[in-house]
Amino acid sequence: MTAHQEPVDVIVVGAGLAGLKAAQELTDAGRSVLVLEARDRVGGRSKPGEIAGQVVDLGGQWVGASHRRVRAEARAADVELHPQYTEGTTLLSTGGEIRPYTSRIPKLSLASLAELGLGTHLLDRDMKTLPAGGPWWAKNARAWDAQTVESRLLKYVKGSTSRDLTRLLAKAILCADTAQVSYLYFLECLRQGHGLRSMIEVQGGSQQDKCVGGAWQIPEHMADALGDRIVLDTAVTAVEQDAHGVRVTTTRGTHAGRHLIMTAPPALAGQIHYSPPLDVKRAGLLRRMPMGSVIKVFVAYENPFWRRKGLSGTVASTDRALGLVFDQTPPDGSVGILVGLIPGTQAVAMSPLGAEGRRRQILSDLVYYFGEEAAEPTDYVDADWTVDPWTQGGYGAHMPPGVLTTYGDTLREPSGRVHWAGTETATEYIGYFEGALQSGVRAAREVLKAG
C-alpha cells in the first residue's frame, strides 16, 4: 500500500471496521477516499493470532444473533459461522466455591436469586425509559448520570453474592469497574444491546456464533477491496480545516481532502491537534471517555478434556483473576482450546506481570476450575490491550458520571468538515463490531449529504 499526495474527497482516519465500512460506502458512491492507519495492519480492535497451529482472534470474535451487518460482511468475505460451544455443565465460582449448573440459572440461594431478579428487572425498567439516540433527554437522566453503577447497585442489591455477580456482568460488558461508570451510560449500553439478557447470553444473544478461521478475516476482506486507498504505518498528528476542505498532517507527510471521518478511539482522537480548535463540548468529550481495560487469554491442550467431564468450558468467576472462560476448540476438535477474559481492575493488576506472570496465574485459575489436567497446556497466548498504543484498552470507551448529560449530545455531531465514527458513536450495539459498522455507514451518509 503506497502513500497518496493528490487531494481526495474524503480522508478516513483509522482502518478498523468503522473506517473500512465508511470507506467502502463512499467508494461505492463514487467518492475518492484515502484511509490513514497508524498500525502496520488493518482491523483495529480485530486482530489475528495463533495458538497450537490454530488461528484465533486476539481482539473481538463473537457474532451476535442479531448482528446483521457483521453477518452480511461475513457472507461477503465467504467466512463461515459456527455456534459457540455450550454443551454440558457451566461453572460459577463465587465466594470461594464452585457451583456447577446446567440450566440458564446458577445454583444460588433463593434470596440471591430473588435479588438478582429484582436487579435485572430494575435495569430493564430504567433502560426502557431512555429515548433512542438521546439518553440525555430521559426524565431521570441527570439523576442517573450523577450516580455510578456501583452506587445504584449498593442501593438496590443487598446480598454480597448478588452484588458480586452483578458487578461481574457489568464488568464483562464495559471492561471497567462499576464504580467508574455512569449509571445512565450503562443503561444506554444495555438499551443499544437490546437488554442485559441479550448481551450476556450465548444462544440467541451476543455470543451466539464465531467465525471459522477468525473474525479478523472480515476487515481483511474489506481492506482487500479498498486496495491502495489504505496507507499503513501513518499516524495522524494534526487536522486543519477551512471552508474549502481539510489538511491532515501525519508521521509520513500531509494529505488534503474535502471532508474527514475520524474513527480513532476518543482518547486517541483527543491527542490530535485540531486547527481551528474543536468546540469546548467536543474537546471535553474526547478528554472524558477513557477506554476499558481487558486482557484476552488463550490456552491450548492436546484435546478438550473438560468435555469428557461433561463440562461446557464456560466459567464465570467473581473471585479469580480469570473472570470469564469459554470453549474455543475448533470445529474439527483437533485440539482443545480455552479462551478467557480478564476485565477491569484485574486487567490493570495483571498487566505489569508480563505474559509469563499472567500464564502462572491463569493456569492456577484453570486448575481450580477444571482440575489438574489444566496444569499442562501445550501452548499459551495472551493479548494485553491495555498496553496497545493505538487502542489503549478495550473493548471500548465508557463515560464516568456527569459526562453523558454534559457532553453526550455532541457525540455524533460533525465538527465542521470533521465527522465522527467508531463503535463509541453507534446508536445500536455500542462497543461491538456491529456498532462500528453502523457508525461507518452513518458517517459516510453524513459526508455524502454534505456534498
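Me: Which residues of helix H7 are buried?

Reply: This is a predicted model, in which local features need pLDDT of at least 70, side-chain atom pairs count only at pLDDT 80 or more, and totals for chains, interfaces and linings use all residues. Residues are numbered from 1 along each chain as its sequence is written, while side-chain values use heavy atoms, with hydrogens and water left out. Helix H7 covers residues 183-192; helices are DSSP runs of H or I with at least four residues, strands are runs of E with at least two, and both are numbered from the N terminus. Taking buried as under 20% relative accessible area, exposed as over 50% and partly exposed as in between (1.4 Å probe, protein chains only), the buried residues are Tyr183, Leu184, Tyr185, Phe186, Leu187, Glu188, Cys189, Leu190, Arg191 and Gln192.

Me: And which residue caps the N-terminal end of H7?

Reply: Look for a side-chain oxygen that lies 3.1 Å from the backbone nitrogen of Leu184. That fits a polar contact (a pair of N or O atoms within 3.5 Å; within protein, one must be able to donate a hydrogen and the other to accept it, and residues adjacent in sequence count only if both atoms are side-chain atoms). The capping oxygen belongs to Ser182.

Me: Just after H7 there is His194: is it buried, partly exposed or exposed?

Reply: His194 is found in the loop between H7 and helix H8 (196-200). Its phi is near 70°, a positive value in a residue other than glycine. With a relative accessible area of 45%, His194 is partly exposed.

Me: What about Gln392: what is its phi?

Reply: Gln392 sits in the loop between S18 and H15. At 32% relative accessibility, Gln392 counts as partly exposed. Although Gln392 is not a glycine, its phi is positive, at about 65°.

Me: Which residue does a cis peptide bond join to Gly394?

Reply: Omega of this bond is about -5°. The partner is found in the loop between strand S18 (379-384) and H15. Gly394 is joined to Tyr395.

Me: Where is Pro276 placed?

Reply: Pro276 is itself part of a cis peptide bond, with Ser275, where omega is about -5°. Its place is in the loop between strand S13 (273-275) and H11.

Me: Which elements help to cover the buried residues of H11?

Reply: In helix H11 (residues 280-287), the buried residues are Arg282, Ala283, Gly284, Leu285 and Leu286. At the helix start, a side-chain oxygen of Asp279 reaches to within 3.0 Å of the backbone nitrogen of Lys281. Contact here means heavy atoms within 4.5 Å, and the cover includes helix H10 (266-269), helix H15 (403-407) and strand S19 (418-420).

Me: Which residue of S13 is the bridge partner of Glu240?

Reply: Two strands pair if DSSP finds at least two bridges between them. S10 and S13 meet that with three bridges in the parallel sense. The partner of Glu240 is Ser275.

Me: How many residues does the hairpin from S10 to S11 run through?

Reply: Strand S10 (residues 236-241) and strand S11 (residues 246-250) pair in the antiparallel sense over five bridges. Within S11, Thr249 is the bridge partner of Ala238. The hairpin that joins the strands has a number of residues equal to four.

Me: Which residue's side chain makes a polar contact with the side chain of Ser93?

Reply: Ser93 lies in strand S6 (residues 89-94) and is buried, with a relative accessible area of 1%. Leaving aside neighbours within four places in sequence, its contacts include Ile98, Arg320, Tyr368 and Tyr369. The polar contact, at 2.7 Å, is with Asp319.

Me: How far from the ring centre of Tyr368 does Arg320 lie?

Reply: A charge sits over a ring if NZ of Lys or CZ of Arg is within 6 Å of the ring centre and within 35 degrees of the ring normal. One such case is Arg307, 3.7 Å from the ring centre of Tyr85. Arg320 lies over the face of Tyr368, and its distance is 4.3 Å.

Me: What kind of aromatic pair do Trp136 and Trp137 form?

Reply: The structure holds 11 aromatic pairs. Here the centres are 5.8 Å apart and the planes at 65°. Rings of Phe, Tyr and Trp (its six-membered ring) pair if their centres lie within 6.5 Å, with planes under 30 degrees apart counted as stacked, over 60 as edge-to-face and the rest as tilted. Trp136 is buried at 17% relative accessibility and Trp137 exposed at 62%, and the pair is edge-to-face.
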